[in-house]
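Work through the exercises below with the coordinates open, and attempt each task before reading its solution.

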Amino acid sequence: MALSLQEKILDPNQGVYLIGTTPPKMGTDEAQVKTIAQKLLGRLHEIEYDGVVIYDIQDESSRTQVPRPFPFKHTVDPCEYSQLVKELSQLDVITYKSVAQREASEFNQWLNNTKTKHGLNNLVLVGSPSSNGEVKLSLPKAYETIAEHQDDFFLGGVTIAERHANKRNEHERLLEKTAQGCEFFISQAVYNAQATIDLITSYARSCRQQGLEPKRIILTFTPCGGEKTLQFMEWLGISVPEATKWRMLDSQNPLSESIRICRENLDLIIQSCAHLNVPLGLNIESLTNRREEIDASINLYRLLKATMELNLAEKQIA
């Protein structure tokens with residue numbers, strides 16, 4: 001019998017391979033939403049993956065003064081889209097939820113609907129993008145609310161290596177979120193391998209010192225097809241080292257070069273962190289709806305999954 005996504009995430013000997021996507025823009029009619037989901041799953045039919053991550057897109061303009069490279073558009077309810085994707089794919093989904101806009105009572109009602117109406121169990125809660133905007137519900141309070149809820153949820157958290165590079169305390173956030181119920185973490189897109197290595201190393205040392213088993217960290221990778229996508233990545237707070245930036249932009253084929261960079265970064269992370277016994281996973285996304293970047297994300301998935309599978313096989317031999 002096949003393992004569920006939850007079972008795979010909790011078993012450090014298993015690989016975990018996910019595809020990340022955003023719901024269609026708000027106002028898309030129901031039939032078209034279904035067509036979009038079917039089109040996505042059609043692109044994925046040649047690869048084996050464990051589930052789909054459905055993001056809850058926020059307007060993050062409060063986080064930075066820099067203009068957003070692509071206009072912000074509200075999307076279809078992530079829960080509705082998650083339910084549709086789950087039904088069509090017959091695979092598990094992980095649904096992101098931005099919690100800052102709702103009071104605790106509203107969030108509690110949202111949890112009721114998520115479980116009973118949409119049949120969803122796997123959640124990643126996301127806090128406010130900055131302290132400047134209005135925050136009706138803090139992330140710690142949201143964790144408290146979900147812990148007190150009558151239904152059980154399989155809870156994950158977001159981890160951002162760039163925060164660790166700046167504040168050196170992201171590993172402490174992981175430990176706090178674990179205490180608040182998180183069983184796994186999904187990273188922001190990785191283009192700075194060293195920042196991720198530093199975070200995983202600090203996290204592993206803290207777990208060892210406290211006698212804790214590290215939770216799985218699912219690493220997100222995304223292709224970059226050119227300057228506009230790169231600007232969007234940097235606007236989102238993704239750290240792209242200067243040499244990496246020019247290596248992509250000066251290349252004859254930035255998209256192919258970005259895939260090579262992602263492969264090298266994953267190799268470096270695995271080589272540097274294999275001895276730390278922190279279980280890893282993969283989440284591959286496309287940050288734009290450009291056809292070539294979406295197709296490239298499938299190629300990237302194949303390449304990085306093969307890299308991860310080889311590492312798992314080598315660990316089991318050892």
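## Exercise 1: two helix pairs

Helix H9 (residues 227–235) and helix H10 (residues 242–249) pack with their axes 10 Å apart and at an angle of about 160 degrees. The model is a predicted one.

Task: Classify the mutual orientation of H9 and H10, and state which residues make their contact.

Solution. Two packed helices are described by the angle between their axes and the distance between the axes. The angle of about 160 degrees is to be set against the cut-off, by which angles over 145 degrees count as roughly antiparallel. H9 and H10 are therefore roughly antiparallel to each other, and their crossing is right-handed. On the H9 side the contact is made by Glu 227, Leu 230 and Glu 234, while H10 contributes Lys 245, Met 248 and Leu 249. Sorted by class, the contact of H9 with H10 holds three nonpolar and three charged residues, and no polar ones.

Task: Carry out the corresponding analysis for helix H2 (residues 30–43) and H3, whose axes come within 10 Å.

Solution. The axes of H2 and H3 cross at roughly 50 degrees, a value to be compared with the limits of under 35 degrees for roughly parallel and 65 to 115 degrees for roughly perpendicular. H2 and H3 are therefore oblique to each other, and H2 passes H3 in a right-handed crossing. From H2, the residues Val 33, Lys 34, Ile 36, Ala 37, Gln 38, Leu 40 and Leu 41 meet Tyr 81, Leu 84, Val 85, Leu 88 and Ser 89 of H3. The residues of this contact of H2 with H3 divide into nine nonpolar, two polar and one charged.

## Exercise 2: an aromatic pair

Task: Determine how the rings of Phe 232 and Trp 235 are arranged, and whether each residue is buried or exposed.

Solution. The count of aromatic pairs comes to four. One of them is formed by Phe 232 and Trp 235, with 6.4 Å centre to centre and 20 degrees between the planes. Planes under 30 degrees apart count as stacked, and the pair of Phe 232 and Trp 235 is accordingly stacked. Both residues lie in helix H9, three residues apart, which is about one turn of the helix. For the second part the cut-off is a relative accessible area under 20%: Phe 232 is buried at 7%, and Trp 235 counts as buried at 5%.

## Exercise 3: a strand residue

Task: Describe the surroundings of Val 52, which lies in strand S2 (residues 51–54).

Solution. Val 52 has a relative accessible area of 0% and is buried. Once its neighbours within four places in sequence are left aside, Val 52 is in contact with Ile 19, Thr 21, Val 85, Asp 92, Val 93 and Ile 94. Leu 175, by comparison, is 123 residues from Val 52 in sequence and 25 Å from Val 52 in space, C-alpha to C-alpha.

## Exercise 4: positive phi

Task: Locate Gln 90 and Asn 277 in the fold, and say what is notable about the backbone of Gln 90 and of Asn 277.

Solution. Most residues other than glycine have a negative phi. Gln 90, although not a glycine, has a positive phi of about 60 degrees, and the phi of Asn 277 is likewise positive, near 60 degrees. Gln 90 is placed in the loop between helix H3 (78–89) and strand S3 (92–98), whereas Asn 277 is in the loop between helix H11 (254–273) and strand S8 (280–285). With relative accessibility of 67%, Gln 90 counts as exposed, and Asn 277 counts as exposed at 52%.

Note on methods:
Residues numbered from 1 in each chain as written. Predicted model: local features only at pLDDT ≥ 70, side-chain atom pairs only at ≥ 80, totals over all residues. Heavy atoms only, no water. Axes fitted to C-alpha atoms, helices over the stretch in contact; angles between N-to-C directions. Helix = DSSP H or I, 4+ residues; strand = E, 2+ residues; numbered from the N terminus. Left-handed = near helix turned anticlockwise from the far one by under 90°. Contact = heavy atoms within 4.5 Å. Nonpolar A, V, L, I, M, F, W, Y, C, P; charged D, E, K, R; others polar. Phe/Tyr/Trp six-rings, centres within 6.5 Å; stacked < 30°, edge-to-face > 60°. Buried < 20%, exposed > 50% of the residue type's maximum accessible area, 1.4 Å probe, protein only.
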